[in-house]
Amino acid sequence: MTVDPKAPGGAYPPPPPPPPRPPAPGAAAPGAARYLVPALVAAAVAVGLGAYGSVHAPSGTAFNLAGFSSPSAVKAWLATAALTLGLVQLVTALTMYGQLPGVRAGDWTPALHRWSGRAAFLVTVPVAVHCLYALGFQTATPRALWHSLLGCFFFGAFSAKMLLLRMERLPGWLVPVVGGLVFASLAMLWLTSALWFFRTFGVTR
């Protein structure tokens, strides 16, 4: 320690710490690269499904259930069940985030949110199998093209959300935004398939 005869006690005060160095121009924020994995997985899932649907020769049918008039009717009703469960997910998520005035989340709300999401995904699996195996990636009409694109996007976004939920120290807005994209794509899938079916053939099994 250097002695200063004019300072009390004869010692210089410790020098201030050096200012932090600014980040280099164009440098990524710390930890930003970890979001690249969910993004790449989402893209791989979406592109992979679209590629398979494009090269696979449609079989015309994949499955049917007793009591339904056609595989298309099964698909329409399963899509409706998935959308209903998706609405449960949306309401419980808004409740947990305190976005529904006058509604408080209970101890059961997170469990209902998780299980409704799992059930919604399981219901969409046979629908996706039917679309890919029986119909393929359709481009004949704008409705069919949008439905095919939205189906690929839905499963890609869902994959990204599942990976993000297992990561720590996420921005508070990230999971709600990705979850909103998943629900929005599910709703658009229903509009371009089940609603079209019901309006064309009637609400029938």
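The charged end of Arg143 sits over the ring of Trp196, 4.0 Å from the centre of that ring, and this contact is a convenient place to enter what is a predicted model. Trp196 also belongs to an aromatic cluster, which it forms together with Trp77, Phe197, Phe198 and Phe201. Within that cluster, Phe197 and Phe198 are both buried. A second arrangement of charge and ring involves Arg118, whose charged end lies over the ring of Trp115 at 4.5 Å from its centre.

The setting for these contacts is a chain with six helices and zero strands, so that, read from the N terminus, the order of elements is α-α-α-α-α-α. Of the 205 residues in the chain, 33% are buried. Among the contacts with a sequence separation of 6 or more, 71% are between residues 24 or more positions apart.

Helix H3 can be described in some detail, since it has 27 residues and spans 38 Å from its first C-alpha to its last, close to the 39 Å expected at 1.5 Å a residue. After H3 comes Gly136, which has a positive phi, near 75°. Further along the chain, Leu165 is placed in the loop between H4 and H5, and with a relative accessible area of 45% this residue is partly exposed. Although Leu165 and Val175 are separated by 10 residues in sequence, their C-alpha atoms are 7.3 Å apart in space.

The interior can be approached through the largest nonpolar core, which has 21 residues and in which Leu83, Phe154 and Ala194 are those with the most contacts. At least two residues of this core are supplied by each of helix H2 (71-96), helix H3 (109-135), helix H4 (142-164), helix H5 (174-192) and helix H6 (194-201). The largest share, six residues, is contributed by H5.

Phe154 deserves a separate look. Once its neighbours within four places in sequence are left aside, Phe154 is in contact with Thr124, Val182, Ser185, Leu186 and Leu189. Its relative accessibility is 4%, and Phe154 therefore counts as buried, the limit being under 20%.

The same residue leads back to the aromatic rings, of which a search of the whole structure finds eight pairs. Phe154 and Phe155 make up one of these, with 5.0 Å from centre to centre and 85° between the planes, an edge-to-face pair. Phe155, too, is buried, at a relative accessible area of 15%. In the pair of Phe197 and Phe198 the centres are 5.9 Å apart and the planes stand at 70°, which makes this pair edge-to-face as well, because planes over 60 degrees apart are counted in that way.

What, finally, is the number of disulfides in the whole structure? The search finds zero, and the positions of two cysteines show why a bond between them is excluded: the sulfur of Cys131 has its closest cysteine sulfur in Cys152, at 9.8 Å, which is too far for a bond, given that a disulfide would need the two sulfur atoms within 2.5 Å. Both cysteines nevertheless lie in the interior in terms of accessibility, as Cys131 is buried with a relative accessible area of 16% and Cys152 is buried with one of 10%.

Methods: Residues numbered from 1 in each chain as written. Predicted model: local features only at pLDDT ≥ 70, side-chain atom pairs only at ≥ 80, totals over all residues. Heavy atoms only, no water. Phe/Tyr/Trp six-rings, centres within 6.5 Å; stacked < 30°, edge-to-face > 60°. Buried < 20%, exposed > 50% of the residue type's maximum accessible area, 1.4 Å probe, protein only. Lys NZ or Arg CZ within 6 Å of the ring centre and 35° of its normal. Core = buried A, V, L, I, M, F, W, Y, C linked by side-chain atoms within 4.5 Å. Helix = DSSP H or I, 4+ residues; strand = E, 2+ residues; numbered from the N terminus. Contact = heavy atoms within 4.5 Å.
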